[in-house]
Amino acid sequence: MVRPQKRYGYGAGLPIAWQGWALPAAYLAIIVGIALPGTGGTLGARTASFVGVLLVTGVFMVIAARHTHGGWKWRWGGD
């Protein structure tokens with residue numbers, strides 16, 4: 001799974017391999033799976049759903065950052 005660095009801004013650009021596209025698809029599926037059961041539940045269920053979404057998002061960001069060529073940093077369009 002490889003992502004190119006962005007030319008302007010912070011983070012990664014679009015994926016350049018199928019594994020890079022599989023990661024956001026899996027992320028969205030997991031988020032939907034966590035968030036939907038918590039929408040109509042009690043306050044505890046909604047809180048657990050929110051915490052789960054935060055944890056999965058953090059893991060997604062770490063994986064994406066580690067697999068970006070050049071890492072995540074602010075870029076102004078230079079090399």
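User: What makes a stretch of this predicted model a helix or a strand, and where does Thr-68 lie?
Analyst: Helices, of at least four residues, and strands, of at least two, are DSSP runs numbered from the N terminus. In these terms, Thr-68 lies in the loop between H2 and strand S2 (75-76).

User: Why is Thr-68 called buried or exposed?
Analyst: Its relative accessible area is 6%, and buried means under 20%, so Thr-68 counts as buried.

User: What makes the approach of Ala-64 to Thr-68 a polar contact?
Analyst: The backbone oxygen of Ala-64 lies 2.6 Å from a polar atom of the Thr-68 side chain, which is within the 3.5 Å allowed for such a pair.

User: Why is the aromatic pair of Tyr-27 and Phe-60 called stacked?
Analyst: The ring centres of Tyr-27 and Phe-60 are 4.5 Å apart with 20° between the planes; since pairing requires centres within 6.5 Å and stacking requires planes under 30 degrees apart, both conditions are met. Tyr-27 belongs to helix H1 (residues 18-38) and Phe-60 to helix H2 (residues 43-66), so the pair ties together parts 33 residues apart in sequence.

User: What makes the pair of Trp-74 and Trp-76 edge-to-face?
Analyst: With centres 5.5 Å apart, the rings of Trp-74 and Trp-76 have their planes at 70°, and an angle over 60 counts as edge-to-face.

User: How do you know whether Phe-60 and Trp-76 are buried or exposed?
Analyst: Phe-60, at 18% relative accessibility, falls under the 20% limit and is therefore buried, whereas Trp-76, at 69%, is over 50% and is therefore exposed.

How values were computed
Residues are numbered from 1 along each chain as its sequence is written. This is a predicted model: local features need pLDDT of at least 70, side-chain atom pairs count only at pLDDT 80 or more; totals for chains, interfaces and linings use all residues. Side-chain values use heavy atoms; hydrogens and water are left out. Rings of Phe, Tyr and Trp (its six-membered ring) pair if their centres lie within 6.5 Å; planes under 30 degrees apart count as stacked, over 60 as edge-to-face and the rest as tilted. Buried means under 20% relative accessible area, exposed over 50%, partly exposed in between (1.4 Å probe, protein chains only). A polar contact is a pair of N or O atoms within 3.5 Å; within protein, one must be able to donate a hydrogen and the other to accept it, and residues adjacent in sequence count only if both atoms are side-chain atoms.
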